[in-house]
Amino acid sequence: MIYLLFGPPGVGKGTQGARIAHKYAVPIISTGEIFRNLAAAGTPLGRAAKEFTSKGELVPDEIVVALVQQRIAMADCADGFLLDGFPRTINQAEILECTLDDMGLELNGVLSFEACDGELIRRLTGRRTCGRCGATYHIRAMPPAREGICDRCGGELVQRADDTEEAIRTRLREYEAKTAPLLSFYRKRGLLRSVDAAAAPDTVAARAAAVLAVSHGAPRG
């Protein structure tokens with residue numbers, strides 16, 4: 001199985017992607033993971049990507065695409081994979097199509113996890129992170145035993161700078177501007193599958209499973 005994962009900040013795409021990857025026994029691959037792993041391994045492409053990321057610059061398409069091509073050719077992708085964070089542009093999407101075709105592979109679908117802005121803002125503004133150990137809480141959905149104190153290490157819980165409502169609205173606008181063309185691109189190809197993510201994680205997982213069962217079938221075993 002080969003699927004792309006899309007979703008705005010706070011929608012729970014990472015959580016659901018991990019569940020799908022485990023259920024179907026395929027790796028979930030993000031461009032960030034690729035950059036880190038190949039840079040750590042000292043590959044030429046990994047070093048080239050690090051030159052840009054270390055300066056806070058976007059990695060050029062040709063390097064990103066080459067890294068993805070290198071990653072999906074690895075043995076653990078033989079039975080399929082999930083891509084998270086790629087493609088980000090129409091150009092990357094078109095190159096991915098050609099790459100998969102050259103490898104004799106086919107994109108099965110694109111899962112778009114969706115929730116209204118109000119729900120996403122509610123989730124993200126309520127998130128608190130331990131400044132000491134990095135544990136994450138939510139003031140309503142998963143509060144600590146003592147307000148403002150981490151259950152794990154006793155550290156102070158803080159709100160990340162990018163979890164303020166103003167910052168979140170900016171992130172949501174950027175996501176919409178960048179992904180809308182891609183969603184249209186895949187909708188025209190009949191590959192887009194929407195998943196209502198405005199619910200508890202288990203409910204969203206069941207909805208995603210239902211979508212995958214229709215478009216891909218049940219996992220082996």
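**Exercise 1. How many bridges join strand β5 to β6, and in which sense do the two strands run, parallel or antiparallel?**

*Solution.* The structure is a predicted model, and the exercise concerns one of its sheets.

Step 1. Strand β5 covers residues 127–130 and is joined to β6 by 3 bridges. The two strands run antiparallel.

Step 2. A residue pair fixes the register: R127 of the chain stands opposite H138 in β6.

Step 3. The sheet as a whole is open and has 3 strands in the order β6-β5-β7, with antiparallel pairing. Its edge strands are β6 (136–138) and β7 (157–158), each of which pairs on one side only.

Step 4. Helix α6 (residues 117–125) packs on this sheet and touches β5 and β6. The direction of α6 makes about 25° with that of β5.

**Exercise 2. Determine the strand order of the open sheet of 5 strands, and trace its pairings.**

*Solution.*

Step 1. The order is β2-β3-β1-β4-β8, and the pairing is parallel.

Step 2. The edge strands are β2 (28–30) and β8 (192–196), each pairing on one side only. From one strand to the next, the twist averages 25°.

Step 3. Begin at the β2 edge. Strand β3 (residues 81–84) runs parallel to β2, and 3 bridges join the two. Within this pair, I29 stands opposite L83 in β3.

Step 4. Continue with strand β1 (residues 2–6), which pairs with β4 in the parallel sense over 4 bridges. Here Y3 has G109 in β4 as its bridge partner.

Step 5. Finish at the β8 edge. The pairing of β4 with β8 is again in the parallel sense, over 5 bridges. F113 is matched with its bridge partner V195 in β8.

**Exercise 3. Why may strand β4 be described as largely enclosed by the rest of the structure?**

*Solution.*

Step 1. The criterion is that a buried residue has under 20% relative accessible area.

Step 2. Strand β4 spans residues 109–114, and 5 of its 6 residues are buried, so the strand is largely enclosed by the rest of the structure.

Step 3. For context, buried residues make up 41% of the 221 residues in the protein chain.

**Exercise 4. Is R71 buried or exposed, and which residues does it touch?**

*Solution.*

Step 1. Locate the residue: R71 lies in helix α4, which covers residues 61–72.

Step 2. The relative accessible area of R71 is 9%. Because the cut-off for buried is under 20%, R71 is classed as buried.

Step 3. Leaving aside residues up to four places away in sequence, R71 touches P27, I29, E33, I34, D76 and C77. I29 has already appeared in Exercise 2, where it stands opposite L83 in β3.

Step 4. With D76 there is also a polar contact, made between the side chains of R71 and D76 at 2.8 Å.

**Exercise 5. Describe the overall dimensions of the protein chain and state how its radius of gyration relates to the globule rule.**

*Solution.*

Step 1. The secondary structure comes to 8 helices and 8 strands.

Step 2. The radius of gyration is 19 Å, close to the 17 Å that the globule rule gives for 221 residues, so the chain is as compact as a globular protein of that length.

Step 3. Along the principal axes, the C-alpha atoms fill a box of roughly 55 × 40 × 35 Å.

Step 4. The accessible surface comes to about 11,800 Å², and 53% of it belongs to carbon and sulfur atoms.

Step 5. Of the contacts between residues at least 6 apart in sequence, 69% join residues at least 24 apart.

Key
Residues are numbered from 1 along each chain as its sequence is written. This is a predicted model: local features need pLDDT of at least 70, side-chain atom pairs count only at pLDDT 80 or more; totals for chains, interfaces and linings use all residues. Side-chain values use heavy atoms; hydrogens and water are left out. Two strands pair if DSSP finds at least two bridges between them. Axes are lines fitted to C-alpha atoms, for helices over the stretch in contact, and angles run from 0 to 180 degrees between N-to-C directions. Buried means under 20% relative accessible area, exposed over 50%, partly exposed in between (1.4 Å probe, protein chains only). A polar contact is a pair of N or O atoms within 3.5 Å; within protein, one must be able to donate a hydrogen and the other to accept it, and residues adjacent in sequence count only if both atoms are side-chain atoms. Contact means heavy atoms within 4.5 Å. The radius of gyration is taken over C-alpha atoms; the globule rule is 2.2 Å times the number of residues to the power 0.38. Accessible areas come from the Shrake-Rupley method with a 1.4 Å probe; for residues, only the protein chains shown count as cover.
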